[in-house]
Amino acid sequence: MKTLNVGMIGAGFMAKAHSLAYTGMPMYFWPAPAKFNKLMIADVTDELAKDAADRLGFEKYTSNWMDIIEDPDIDVVDIVTPNNSHAEIAIAAAKAGKHIISEKPLARDAAESKTMLDAVKENNVKHMVAFNYRRTPAVSLAKKIIEEGKIGKILNFRGTYLQDWSADPNSPLSWRFNKELAGSGALGDIGTHVIDFARYLVGEINEVMATAKTWIPERPKQEGGVDKLGTVKSGANVPKGKVDVDDEIMTMIRFDNGAVGSIEATRNAWGRNNFLTFEIHGEEGSLYFNYERRDELQVCFKNDSDDERGFKTIYTGPPHPYGEGLWPIPALGIGYGDTKIIEIYDFAKALVGNGQVSPNFEDGYQIALISDAILKSSEEDKWIKIK
Ligand code: NAI
Ligand code: SOE
């Protein structure tokens with residue numbers, strides 16, 4: 001079994017999730033496709049990087065991410081920094097021949113995402129973009145049911161991602177509210193997960209008609225680069241900074257295959273925490289998923305008898321996708337970390353095999369094209385075709 005050395009850049013929220021996945025993956029999926037050794041982690045100061053190395057189990061640390069790129073022992077570069085640095089790091093990593101996993105959105109916009117795609121293609125390295133929610137077993141099960149034709153031709157897709165961590169105007173101005181750092185707001189941050197679901201489950205999106213809104217135009221500034229995600233409420237007298245991205249997007253979509261649909265994303269929906277959902281209607285049945293109840297997939301089939309037709313709930317477990325590696329009894333529960341473990345499992349298979357994994361930088365670029373079109377549609381108040 002191969003052991004691959006990982007260099008991780010960024011030491012915040014996602015560094016924790018990805019580190020857990022490298023360590024946990026072989027415990028779930030054995031024999032593992034490969035093992036990972038957490039060799040070096042970078043953050044912006046030695047203090048942050050050292051703390052992360054101790055906490056997350058890396059052998060070495062650095063405050064200069066180029067040390068990771070230049071280290072010949074490193075096989076995989078894992079990018080878990082805010083969106084503004086994904087492209088620069090990925091291009092350097094690709095040129096150094098490293099395989100790459102980058103957090104979502106791939107970059108701030110489609111033009112920047114394209115530079116990353118070009119770099120990985122030119123340098124023939126493996127690449128993945130970390131839209132992990134499609135690896136929730138219930139979502140993979142939905143994909144399987146669709147591919148088996150059990151809900152027939154798909155007519156429509158309704159996807160939402162609703163959160164409330166920033167609904168309070170006093171929740172701080174994180175990098176996620178800054179266009180220069182994030183690219184876009186709720187759209188890039190959470191709407192892109194729904195776009196990933198739509199493309200994965202239904203097919204390519206070719207046209208969008210959208211409205212974007214910024215509800216809270218300024219927020220209290222926060223100290224430090226790590227996002228507080230609304231958990232620390234700044235007082236009303238803290239200096240404020242401008243929000244220059246969307247808080248909410250609502251979009252109608254058309255697919256290549258004729259299906260229609262809608263995508264909504266907002267971080268201002270009191271009472272909704274990680275309300276990432278889809279409902280899909282086909283000619284033969286329907287599917288419904290809500291990440292807040294992520295062990296469950298609701299299914300309804302037309303061919304059930306009239307007196308029994310209705311949504312029923314399947315609790316995912318051993319018979320379902322990835323079930324062989326998870327817990328031995330259905331409904332023991334999938335966690336957020338588990339989706340990341342499954343993501344790293346599929347990435348590891350691609351790293352030791354011949355093909356690319358999905359979603360990869362091609363998908364990240366396509367999602368960025370759709371995202372750019374959503375913002376353009378809102379600005380111009382008309383349907384926009386995706387190039
Ligand atoms: P965070 O703010 O918690 O952590 C980012 C870390 O990167 C900070 O420690 C910061 O100091 C460091 N950093 C910034 N610039 C750097 C540089 N040039 N070199 C080294 N370190 C640098 O951010 P979080 O939440 O971990 O987000 C990181 C990425 O992950 C973003 O692209 C975000 O969209 C994505 N994300 C994805 C999630 C998912 O479910 N797939 C969940 C949360 C975030
Ligand atoms: C904040 O909205 C956030 O952490 C996003 O950045 C992630 O992508 C999402 O999965 C959870 O919420």
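In this predicted model, a polar side-chain atom of Glu-103 is placed 3.0 Å from a nitrogen atom of ligand 1. Two further polar contacts of ligand 1 go through oxygen atoms: a backbone N or O atom of Lys-104 lies 2.8 Å from one oxygen atom of the ligand, and a polar side-chain atom of Tyr-336 lies 2.6 Å from an oxygen atom of ligand 1. Taken alone, ligand 1 exposes 840 Å², of which the protein buries 91%.

The shell around ligand 1 consists of 29 residues, and the closest of these are Met-14, Asp-43, Asn-83, Lys-104 and Tyr-336. Among the elements that contribute to this shell, helix H1, which spans residues 13-28, and helix H9 each supply at least two residues. As for its location, ligand 1 sits in the largest pocket.

Ligand 2 likewise sits in the largest pocket. The residues around ligand 2 are Phe-13, Lys-104, Tyr-133, Tyr-161, Gln-163, Trp-165, Arg-176, Asp-189, Ile-190, His-193, Leu-229 and Asn-274. Helix H8, covering residues 186-201, provides the largest share of this shell, with three residues. Lys-104 is listed among the residues around ligand 2, and Lys-104 is also one of the closest residues to ligand 1.

The polar contacts of ligand 2 given here involve side chains of the protein and oxygen atoms of the ligand, as set out below.

| Residue | Protein atom | Ligand 2 atom | Distance |
|---|---|---|---|
| Tyr-133 | side-chain N or O | oxygen | 2.5 Å |
| His-193 | polar side-chain atom | oxygen | 2.8 Å |
| Arg-176 | polar side-chain atom | oxygen | 2.9 Å |

Taken alone, ligand 2 exposes 300 Å², and the protein buries 91% of that area.

Away from the description of the ligands, the model also shows a nonpolar surface patch of about 320 Å², which is made by Trp-327, Ile-329 and Leu-332. One of these patch residues, Ile-329, is found in the loop that runs between strand E16, residues 312-315, and helix H9, residues 336-352. Helix H9, which follows that loop, is one of the elements that supply at least two residues of the shell around ligand 1.

Definitions and conventions:
Residues are numbered from 1 along each chain as its sequence is written. Chains are lettered from A and ligands numbered from 1 in the order in which they are written. This is a predicted model: local features need pLDDT of at least 70, side-chain atom pairs count only at pLDDT 80 or more; totals for chains, interfaces and linings use all residues. Side-chain values use heavy atoms; hydrogens and water are left out. Patches are made of residues with over 30% relative accessible area and no salt bridge: like charges are joined within 9 Å, nonpolar side chains (Val, Leu, Ile, Met, Phe, Trp, Tyr) within 5 Å. Accessible areas come from the Shrake-Rupley method with a 1.4 Å probe; for residues, only the protein chains shown count as cover. A salt bridge is a side-chain nitrogen of Lys or Arg within 4 Å of a carboxyl oxygen of Asp or Glu. Helices (H or I, at least four residues) and strands (E, at least two) are DSSP runs, numbered from the N terminus. A residue is near a molecule or strand if one of its heavy atoms lies within 4 Å of it. A polar contact is a pair of N or O atoms within 3.5 Å; within protein, one must be able to donate a hydrogen and the other to accept it, and residues adjacent in sequence count only if both atoms are side-chain atoms. On a 1 Å grid over the protein atoms alone, a cavity is a set of points where a 1.4 Å probe fits but cannot get out, and a pocket is an open set with protein on both sides within 12 Å along at least five of seven lines; lining residues have an atom within 4 Å of a point. A molecule sits in a cavity or pocket if more than half of its atoms lie within 2 Å of its grid points.
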